[in-house]
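Take a walk through this structure with me. We start with the whole and end with a few rings.

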Amino acid sequence: MIATPLAHPLTALDEAVTSFALRPKTHEPAADTARCAVEIRRQIDRLELEFSECVAIVEESGYWDADGSTSPVDWVRHNTQMSGHAASQSLCVGRQLATLADSFEAVADGQIGFAHLALMARVAERVGEADGPQVFDEQALLSKARECSVGRFRHVCDHARHSADPDGYARDQAKAVEARTLHITSNGEEGLIFIRGVLDQEGGAALRTALEPLARRKGEGDKRVRARRLADALVELTGHALDSKRLPGRPHLQLTSSIETLLGLKGACAAELEFSTPVSGDCLRRIACDCTISRVILDSESMVIDVGRAQRVVPGATRRALNVRDKGCVWPGCDRPASRTQAHHLIHWCRGGETNLANTVLLCHRHHWMVHEGGWQIIRNGDGTIFTVRPPVQFDRMERDLRYLFEPPDPPEPEPYAPSG
């Protein structure tokens with residue numbers, strides 16, 4: 001009698017997963033589906049443990065080198081279709097098998113997730129690389145991991161690493177500062193600016209602290225997605241920094257236009273904006289609402305024959321009176337303070353509107369843009385009350401509004417860390 005060889009364990013695993021994936025799911029109660037999702041995640045975490053152990057053996061044996069890869073991470077990345085970060089994370093977990101034996105068991109039992117273990121492994125690795133008598137306390141971290149979400153546990157691990165190796169932690173933060181980058185490029189056709197960069201912890205926190213209050217929704221009618229609100233907040237913050245006149249050099253936008261463009265006459269060319277492609281007349285008139293203007297007269301051959309003295313459109317006394325009267329952006333529901341607003345002419349000064357309290361109101365950057373470029377109207381009654389008029393319905397606007405309804409909601413905010421004890 002010839003014995004039938006046993007099937008390879010991976011074959012059995014593949015058959016079991018295939019059979020499970022083909023199960024009928026149409027009328028499964030939601031509660032059963034939820035329990036199923038939790039159990040699937042637990043089994044995935046168990047397989048992550050097995051995977052980490054396997055790739056650690058590949059690294060230790062040198063097979064990755066014999067197979068022609070430049071590094072263990074490179075071998076894992078190319079052979080398993082993983083990102084470099086995910087490959088590095090799995091290798092790190094596999095290397096710490098002996099150090100984190102109890103935590104491996106906790107993942108297998110479903111007490112903590114693989115993501116918790118990956119954070120612990122990184123701490124164990126960094127502490128192990130440090131000089132001196134640093135001690136890695138697995139049990140203390142494991143206890144916290146059972147209580148915390150992954151987001152909060154990341155902070156716990158940072159504290160643990162700093163306690164065990166403050167010098168190494170400081171060196172890593174210094175490296176992060178050296179890694180700061182910011183690239184600002186233009187597509188050259190439509191004049192759009194592309195921004196790509198990396199900030200360290202402190203720089204990122206400072207930027208978010210400045211942007212988050214400016215990126216909140218402005219009432220029920222504000223349908224901007226979070227990415228748009230953050231971009232608007234960055235522009236508003238930059239404008240406020242320029243208006244403060246505390247930056248070195250010549251810290252403001254330089255906008256050049258003909259009187260025909262300012263008046264919106266047919267056939268007039270666009271306005272020239274420094275560091276940008278030409279901008280529209282609507283944009284010009286918004287900026288010109290509250291700016292400093294210099295008159296330049298040219299002859300028939302475009303030679304400069306006179307340069308007038310720079311004058312502020314809204315003089316200081318009028319601006320101070322506006323601040324006292326309006327106290328901030330007058331758009332219904334807006335809470336921007338006066339220091340974060342611009343003076344808007346209800347009838348633009350280039351069309352004969354006077355620069356006085358009766359013809360000016362304070363608007364924040366967002367609502368000032370909506371009036372000039374967005375097609376909205378803002379009207380003040382005789383009793384001083386303000387109301388707004390929505391622009392006529394246009395098909396492109398309707399399409400954007402409908403698309404907004406079907407866009408996914410903003411991603412959840414990062415979970416704040418609240419140290420226990």
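How much accessible surface does the protein have, and what share of it belongs to carbon and sulfur atoms? The accessible surface comes to about 27200 Å². Carbon and sulfur atoms account for 57% of that surface.

Keep in mind that this is a predicted model. Its mean pLDDT is 83. Of its residues, 85% reach 70 or more. One stretch needs care. Over residues 415-421, pLDDT stays under 50. The model has nine contacts beyond four places in sequence for residues 415-421. Where pLDDT is low, the predicted coordinates should not be read in detail.

Now the overall build. The protein has 17 helices and twelve strands. It contains 421 residues, and buried residues make up 29% of them. Consider the contacts between residues at least 6 apart in sequence. Of these, 50% join residues at least 24 apart.

Next, the aromatic rings. A pair of aromatic rings is described by the distance of the centres and the angle of the planes. A search of the whole structure finds two aromatic pairs. One is formed by Tyr63 and Trp75. Their rings are 6.1 Å apart, centre to centre, with 85° between the planes. That pair is edge-to-face, because the angle is over 60 degrees. Tyr63 sits in helix α3, residues 63-66. Trp75 sits in helix α4, residues 72-80. The two residues are twelve residues apart.

Are these two partners buried or exposed, or something in between? Tyr63 is partly exposed, because its relative accessible area is 44%, between the limits of 20% and 50%. Trp75 has 12% relative accessibility, so this residue counts as buried.

The other pair joins Trp331 and Trp376. Their ring centres lie 5.5 Å apart. Their planes meet at 65°, so this pair is edge-to-face. Where do the two residues lie? Trp331 is in the loop between α15 (316-326) and β9 (341-345). Trp376 is in the loop between α16 (365-372) and β11 (377-380). These parts are 45 residues apart in sequence, so the pair ties together separate places along the chain. Both Trp331 and Trp376 are buried.

Rings can also have a charge over the face. Which residue lies over the face of Phe20? Arg23 does, at 4.0 Å from the ring centre. Over the face of Trp369 lies Arg228, at 5.6 Å from the ring centre.

Terms used
Residues numbered from 1 in each chain as written. Predicted model: local features only at pLDDT ≥ 70, side-chain atom pairs only at ≥ 80, totals over all residues. Heavy atoms only, no water. pLDDT = per-residue confidence, 0-100. Contact = heavy atoms within 4.5 Å. Phe/Tyr/Trp six-rings, centres within 6.5 Å; stacked < 30°, edge-to-face > 60°. Helix = DSSP H or I, 4+ residues; strand = E, 2+ residues; numbered from the N terminus. Buried < 20%, exposed > 50% of the residue type's maximum accessible area, 1.4 Å probe, protein only. Lys NZ or Arg CZ within 6 Å of the ring centre and 35° of its normal. Areas by Shrake-Rupley, 256 points an atom, 1.4 Å probe, with all protein chains shown as cover.
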